[in-house]
Amino acid sequence: MALRIPRVIPSQITPPETYLNRRAFLAGAFGAGAAATLGSAAAAVIPAQAGAALGYRYDAAESVDALVHAPDQNEKPNTWEQITNYNNYYEFGVGKTDPAEYAGELQTRPWNVAVAGEAEVTGSFPLEAFMKPYALEERIYRFRCVEAWSMVIPWVGFPLAQMLKRFKPTSRAKYVAFETLYRPSQMPGQREPILQWPYREGLRIDEAMNPLAFMVVGLYGRVLPNQSGAPLRLIVPWKYGFKSIKAIVRIVFTETQPETTWSQAASGEYGFYANVNPDVPHPRWSQATERRIGNPFFHERQATLLFNGYANEVASLYKGMSLHRYF
Ligand code: MTE
């Protein structure tokens, strides 16, 4: 399958009102030659021709009511080069440029996603069938790594909530767990005991149902490159980046809290919740500030925001829980 998609989406930040205005989104989604004729107003949709090449569907916009957040307009998205050359993806090594250097070897087709556990609909789905029901949208989110660097990234994907509903989790499903591909022949990092492979992550079901939680297949209107987690990854923008698992092959609905890779590796440092919180330091460094990748003033840092700036949308999920419950 041809995976090279020309970049059509304008690189400038999309004004929040574009996302929040249903009419504008629909015009973008359905308008003939939308990207060309509507200019930046159409930035919320990946161009139809790109979707067709991927087998993705654009003729529905069920998700437009979801709350979508662009960061403050003064925050420019990072460039494609920055986003795809400064990565954490230990399956390809621990260096920030290792994924860009080595992930090209990974074959992302054919690709299957298995769905199991406490759900009415389970099974193994070829990626094309898995993706078929979803209309793609672009969302520009802040991304905050637990290592205290950050970016602003225009992802393309669909709400995780839509996917969860399709599999009809039973009343026993309290969590959803995700697993990355295990293929040491193409993922050299997996030949070393750096982490317990495969990489695993999870969310509480209500967190996963929050409209901000997003399944990602693209970046800047192009197909997601391997180093960014192709062909399918999770983005949870109010949590530290390690929750945003890449190259997903398995999704399991569970009754109990699933094991997650970083908590297994260092339970005193990385917890299940991992909500961005400037007031709760990592045991070895402060989380009060962050370094925005690409900032020409290398030593300049900016304040980290509670829930990475998405408190209005997600704080209610943690009512009654101490916000200091970093773990
Ligand atoms: N997913 C897998 N499978 N393997 C990883 O090593 N690293 C996590 C997360 N998802 C990781 C992963 C961490 S620590 C971060 S900060 C983000 O991916 C980095 O995403 P990016 O490289 O797209 O910026």
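Helices and strands here are runs assigned by DSSP, at least four residues long for helices and at least two for strands, and they are numbered from the N terminus. With that in hand, we can place Asn210: this residue lies in the loop between α9 (205-208) and β7 (214-219). Keep in mind throughout that the structure is a predicted model.

## The chain as a whole

Let's start with the overall picture. The chain contains eleven helices and twelve strands. Of its 327 residues, 57% count as buried. The accessible surface comes to about 13700 Å², and carbon and sulfur atoms hold 53% of that. Among the contacts in the chain with a separation of 6 or more, 73% are between residues 24 or more positions apart.

## Asn210 in its loop

Is Asn210 buried or exposed? Its relative accessibility is 8%, so Asn210 counts as buried, since the cut-off is under 20%. The side chain of Asn210 reaches two backbone atoms: the nitrogen of Leu212 at 2.9 Å and the oxygen of Glu313 at 3.1 Å. Leaving aside residues up to four places away in sequence, Asn210 touches Trp238, Glu313, Val314 and Leu317. Glu313 therefore appears both as a touching residue and as the owner of a backbone oxygen that the Asn210 side chain reaches.

## Strand β4 and its partners

Now for strand β4, which covers residues 149-159. Why is this strand described as largely enclosed by the rest of the structure? Eleven of its eleven residues are buried, and that is why the description fits.

Strand β4 pairs with β3, β7 and β11, as the table shows.

| Partner of β4 | Sense | Bridges | One bridge pair |
|---|---|---|---|
| β3 (residues 137-144) | antiparallel | eight | Glu137 and Gly157 |
| β7 | antiparallel | five | Val156 and Gly218 |
| β11 (residues 289-292) | parallel | two | Trp149 and Arg291 |

The strands β3 and β4 form a hairpin with four residues between them, and there Ala148 takes a positive phi near 80°. β7 also takes us back to the start of this report, because the loop that holds Asn210 lies between α9 and β7.

## Trp155 within β4

One residue of strand β4 to look at is Trp155. Its relative accessibility is 2%, so Trp155 counts as buried. Not counting residues up to four places away in sequence, Trp155 touches a list of residues that includes Glu137, Arg139, Tyr141 and Phe143 as well as Phe214, Val216, Gly218 and Leu219. How far apart are Trp155 and Met215 in sequence and in space? They are 60 residues apart in sequence, and their C-alpha atoms are 9.1 Å apart in space.

Arg233 is also among the residues that Trp155 touches, and that residue leads us to the ligand.

## Around the ligand

The ligand is surrounded by 16 residues, and the closest are Asn87, Tyr90, Glu91, Arg233 and Lys246. This shell divides into eight nonpolar, five polar and three charged residues. What does Arg233 do here in terms of distance? One of its polar side-chain atoms lies 2.7 Å from an oxygen atom of the ligand. Glu91 brings a polar side-chain atom to 2.8 Å from a nitrogen atom of the ligand. Asn88 takes part through its backbone, with a polar atom 3.2 Å from an oxygen atom of the ligand. On its own the ligand has 530 Å² of accessible area, and the protein covers 98% of that.

Conventions:
Residues are numbered from 1 along each chain as its sequence is written. This is a predicted model: local features need pLDDT of at least 70, side-chain atom pairs count only at pLDDT 80 or more; totals for chains, interfaces and linings use all residues. Side-chain values use heavy atoms; hydrogens and water are left out. A residue is near a molecule or strand if one of its heavy atoms lies within 4 Å of it. A polar contact is a pair of N or O atoms within 3.5 Å; within protein, one must be able to donate a hydrogen and the other to accept it, and residues adjacent in sequence count only if both atoms are side-chain atoms. Accessible areas come from the Shrake-Rupley method with a 1.4 Å probe; for residues, only the protein chains shown count as cover. Ala, Val, Leu, Ile, Met, Phe, Trp, Tyr, Cys and Pro count as nonpolar, Asp, Glu, Lys and Arg as charged, and the others, Gly among them, as polar. Buried means under 20% relative accessible area, exposed over 50%, partly exposed in between (1.4 Å probe, protein chains only). Contact means heavy atoms within 4.5 Å. Two strands pair if DSSP finds at least two bridges between them.
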